[in-house]
Amino acid sequence: MSLPWVVLDGSWVASNRDILPMLRAAGTRYLIDTAAWRFQSDSAFGVARLANLPHAPTRSWPELPIDDFQRFIADDLRFQASLGAAASLVPGLIPADRSADLAAHDQAASSVVEQVCFEQPLPAIATIGFHTQGLDGAEQRLESLSSVYSAVYVQPTPIDPYRDSPDKLGNVIMLLQQIQRQGREAIAGRMGALTVLLRALGIAAADGGMGAGEAFALNAKLKAPRPSDRPESSTPRASNASRRYLPPIKRSVSPDVVELIETTPAADALLRCTTCCRFLAPNDRIRRGREHSLLARVTEAQQVSSLPPSMRLDHAEREWQTARRTATSLNTALREAGHKELPTEHLDNQLAVLRQRAARSEAA
Ligand SMILES: [Zn+2]
């Protein structure tokens with residue numbers, strides 16, 4: 001599989017540098033994400049991988065003088081560059097509510113980038129977090145964004161592409177299209193579930209996830225550390241099972257649902273992976289959920305990108321209509337076997353948003 005870009009977890013890669021020469025040899029460029037926005041809250045200091053970052057701040061952002069905030073940004077950019085990142089992912093804040101004013105922090109970060117880029121000429125990617133009820137504020141921040149940035153990583157909160165309404169998803173996509181019109185590349189955070197639709201609408205990238213990380217809610221993330229954030233020795237994994245992306249119905253499901261489908265022959269026939277998992281035993285298929293999900297997402301993204309731009313919307317529309325028919329047959333199979341049906345409203349919502357944004361783009 002050819003992977004043009006990957007995003008690596010900063011603290012993980014700091015102690016797993018062996019992966020870097022392998023990525024470079026494969027022609028894969030990488031970004032280093034230190035998840036610095038989590039220092040918005042004191043809870044970050046209870047997360048070992050964040051607190052152990054060599055340049056971790058001494059206090060959370062709201063408590064930190066702006067000079068120290070700038071020092072952190074500079075150290076973070078140097079840390080990324082020291083690991084060979086292909087671009088600087090500039091830490092940014094995500095507003096906790098619609099009224100938060102982040103202009104001072106945006107400006108402080110961009111003035112650091114101007115200085116650090118002088119030492120290390122890497123393309124800079126801004127991180128713009130915004131509350132999905134505060135779209136106006138996000139538009140203003142984008143309008144006043146420094147010209148030092150060539151791309152913007154956008155993290156809406158809260159966002160859940162499997163459950164959100166067409167209007168809510170449409171507003172987020174409108175913002176992504178605004179970034180592209182400004183001549184910058186937009187990267188949609190935690191919207192991997194929409195990769196094909198976003199590509200069809202001209203958005204450069206979405207972080208794909210591997211069957212997980214497909215929704216985002218700041219307030220939940222800033223609460224007490226999750227078990228997976230604690231040091232490895234204290235978290236014995238009960239099982240290797242992971243979530244799995246099912247391309248025929250355009251959604252990921254939990255290991256329990258994977259098992260249910262595999263043991264329902266009529267359902268399994270509709271969803272079975274005939275490529276990377278073709279020769280795997282059932283247990284191995286469950287274990288390899290992450291690899292399968294990544295491969296399936298990348299394949300779908302590459303399929304749509306290989307088409308001329310004029311054909312991408314039709315391709316996406318056909319894919320989603322086929323998925324709706326498959327989902328109907330799947331639920332019939334599950335019902336007849338006495339199982340609960342899977343939710344399918346994401347397909348209608350996403351198809352509606354595709355049509356809505358495509359129509360607006362044509363009218364513009
Ligand atoms: Zn597979």
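This report walks through a predicted model of one protein chain, from its overall build down to a few single residues.

## Overall build

Let's start with the big picture. The protein chain holds 15 helices and 9 strands. Its radius of gyration is 21 Å, close to the 21 Å that the globule rule gives for 364 residues, so the chain is as compact as a globular protein of that length. If you want dimensions, the C-alpha trace spans about 65 × 55 × 40 Å along its principal axes.

How much of the chain is buried? Of the 364 residues, 36% count as buried. Contacts also reach well along the sequence: take those with a separation of 6 or more, and 70% of them join residues 24 or more positions apart.

## Two domains and where they touch

The domain assignment splits the chain into domain 1 (5-229) and domain 2 (240-363). Their C-alpha centres sit 27 Å apart. Across the boundary, 22 residues of domain 1 are in contact with 31 residues of domain 2.

Which elements give two or more residues to the domain 1 side of this boundary? They are helix H7 (166-181) and helix H8 (195-200). H8 supplies the largest share of that side, with 5 residues. Sorted by class, the domain 1 side has 13 nonpolar, 6 polar and 3 charged residues.

## The nonpolar core

In soluble globular proteins, nonpolar side chains tend to be buried together. Here the largest nonpolar core has 77 residues, and those with the most contacts inside it include Val90, Ile125, Val152, Val154 and Leu176. Helix H14 (residues 309-336) gives the most to this core, namely 7 residues. The core isn't confined to one domain, either: at least three residues come from each of domain 1 (5-229) and domain 2 (240-363).

Leu176 is a handy residue to click on. Setting aside its neighbours within four places in sequence, Leu176 is in contact with Val154, Ala186, Ala188 and Ile203. Val154 and Ala188 also show up among the residues with the most contacts inside the core.

## The five-stranded sheet

Next up is an open sheet of 5 strands, paired in parallel and ordered E3-E4-E5-E6-E7. Strand E3 (88-89) and strand E7 (205-206) are its edges, each pairing on one side only.

Within the sheet, strand E4 (residues 124-131) and strand E5 (residues 149-157) run parallel and are joined by 8 bridges. Two pairs are worth finding on screen: Ile125 stands opposite Ala151 in E5, and Phe130 has Pro156 of E5 as its bridge partner. Ile125 is also one of the residues with the most contacts inside the largest nonpolar core. Is E5 mostly covered or mostly open? Mostly covered, with 7 of its 9 residues buried.

## Gln133, just past E4

Where does Gln133 lie? Look in the loop between E4 and helix H6 (135-143). Gln133 has 14 C-beta neighbours inside 10 Å, so it counts as partly exposed; the buried class starts at 20 and the exposed class ends at 12.

How far is Gln133 from Arg199? The two are 66 residues apart in sequence, and their C-alpha atoms are 24 Å apart in space.

Notes: Residues are numbered from 1 along each chain as its sequence is written. This is a predicted model: local features need pLDDT of at least 70, side-chain atom pairs count only at pLDDT 80 or more; totals for chains, interfaces and linings use all residues. Helices (H or I, at least four residues) and strands (E, at least two) are DSSP runs, numbered from the N terminus. The radius of gyration is taken over C-alpha atoms; the globule rule is 2.2 Å times the number of residues to the power 0.38. Two residues are in contact if their C-beta atoms, placed from the backbone, lie within 7 Å. A nonpolar core is a set of buried Ala, Val, Leu, Ile, Met, Phe, Trp, Tyr and Cys residues joined through C-beta atoms within 7 Å. Domain bounds come from an automatic or database domain assignment. Ala, Val, Leu, Ile, Met, Phe, Trp, Tyr, Cys and Pro count as nonpolar, Asp, Glu, Lys and Arg as charged, and the others, Gly among them, as polar. Two strands pair if DSSP finds at least two bridges between them.
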